[in-house]
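Subject: Structure handover

Dear colleague,

I am passing on the structure we spoke about, with the sequence alongside. Please open it first and keep it in view while you read the notes below.

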Amino acid sequence: MTALVTGALAGVAVGPAGAATDVLLPHPGPDGLVWVPEHRGDGGVASGGGWDRLPTVLTVACEGGGDVRVTMSQETQIAAFSVDCPAGEAGVGSVTMDPGVLRFGSFSIAVDASSDDVRWALTVTQPES
């Protein structure tokens with residue numbers, strides 16, 4: 001996994017998740033801003049609401065062979081990383097951004113998959129504690 005983040009970066013993590021038949025990422029609960037439970041191939045999401053006074057955690061899980069390149073933008077790129085997507089189990093990548101990196105308002109996330117067979121999920125959370 002490679003990571004590039006503009007602004008303050010609190011942490012980047014990567015590791016295995018469940019098997020291919022499992023839910024890649026569970027619902028993020030009350031701290032969640034965005035949840036994409038499953039998608040295949042290239043895709044992304046746009047959101048209308050983020051807070052600048054809370055940390056922001058972007059997590060992507062994928063499986064199926066290959067990799068995904070993830071880019072989060074808010075007029076300019078604020079985070080980018082890649083996640084390896086092994087066959088038969090899920091790879092997980094996450095980036096934690098300090099308060100203020102994500103500004104108040106809308107943002108978008110693009111996921112560029114190395115093949116249409118790559119299955120991925122993502123969450124964006126802003127934990128209050």
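What follows is an account of what was found, going from the overall fold to the core and then to the links between side chains.

Please bear in mind throughout that this is a predicted model. The chain holds ten strands and zero helices, and buried residues account for 41% of its 129 residues. Among contacts between residues at least 6 apart in sequence, 78% join residues that are at least 24 apart. The accessible surface amounts to about 6,100 Å², and carbon and sulfur atoms contribute 52% of that area.

In soluble globular proteins, nonpolar side chains tend to be buried together. Here the largest nonpolar core has 25 residues, and the members that touch the most others are Leu58, Val68, Met72, Ile109 and Leu122. At least two residues of this core come from each of strand 3 (32-40), strand 5, strand 6, strand 7 (76-84), strand 8 (89-97), strand 9 (107-113) and strand 10 (119-125). Another core, of six residues, lies apart from it and includes Leu24, Leu25, Ala90 and Val92.

Two members of the largest core are worth selecting in your viewer. Val68 sits in strand 6 (residues 67-74) and counts as buried because its relative accessibility is 0%, where the cut-off is under 20%. Leaving aside residues up to four places away in sequence, the contacts of Val68 include Val60, Cys62, Phe81, Cys85, Val111 and Trp120. The C-alpha atoms of Val68 and Asp84 are 6.7 Å apart, although 16 residues separate the two in sequence. With sequence neighbours left out in the same way, Met72 touches, among others, Thr56, Leu58, Ile78, Met97, Phe107, Ile109 and Val124.

Thr56, one of those contacts of Met72, belongs to strand 5 (residues 56-63) and is buried, with a relative accessible area of 0%. The side chain of Thr56 nevertheless has a polar partner, since it makes a polar contact of 2.9 Å with the side chain of Gln126.

Turning to the covalent link, the count comes to one disulfide, which joins Cys62 to Cys85 with an S to S distance of 2.0 Å. The torsion about this S-S bond is about -85°, so the disulfide is left-handed. Because Cys62 lies in strand 5 and Cys85 in the loop between strand 7 and strand 8, the pair ties together parts that are 23 residues apart in sequence. Both cysteines, Cys62 and Cys85, are buried, and both appear among the contacts of Val68.

Side chains of opposite charge can pair when their charged atoms come close. The whole structure contains two salt bridges. In one of them, Glu38 meets Arg119 at 2.9 Å, N to O; Glu38 is in strand 3 and Arg119 in strand 10, so this pair ties together parts that are 81 residues apart in sequence. Glu38 counts as partly exposed at 41% relative accessibility, whereas Arg119 counts as buried at 4%. Arg119 also forms a salt bridge with Glu63, where the closest N and O atoms are 3.1 Å apart. As Glu63 lies in strand 5, this second pair ties together parts that are 56 residues apart in sequence, and both Glu63 and Arg119 are buried. Through the shared partner, Glu38, Glu63 and Arg119 form one network.

With best wishes

Terms used
Residues numbered from 1 in each chain as written. Predicted model: local features only at pLDDT ≥ 70, side-chain atom pairs only at ≥ 80, totals over all residues. Heavy atoms only, no water. Helix = DSSP H or I, 4+ residues; strand = E, 2+ residues; numbered from the N terminus. Buried < 20%, exposed > 50% of the residue type's maximum accessible area, 1.4 Å probe, protein only. Polar contact = N/O pair within 3.5 Å; in protein donor to acceptor, adjacent residues only side chain to side chain. Contact = heavy atoms within 4.5 Å. Areas by Shrake-Rupley, 256 points an atom, 1.4 Å probe, with all protein chains shown as cover. Core = buried A, V, L, I, M, F, W, Y, C linked by side-chain atoms within 4.5 Å. Disulfide = S-S within 2.5 Å. Salt bridge = Lys/Arg side-chain N within 4 Å of Asp/Glu carboxyl O.
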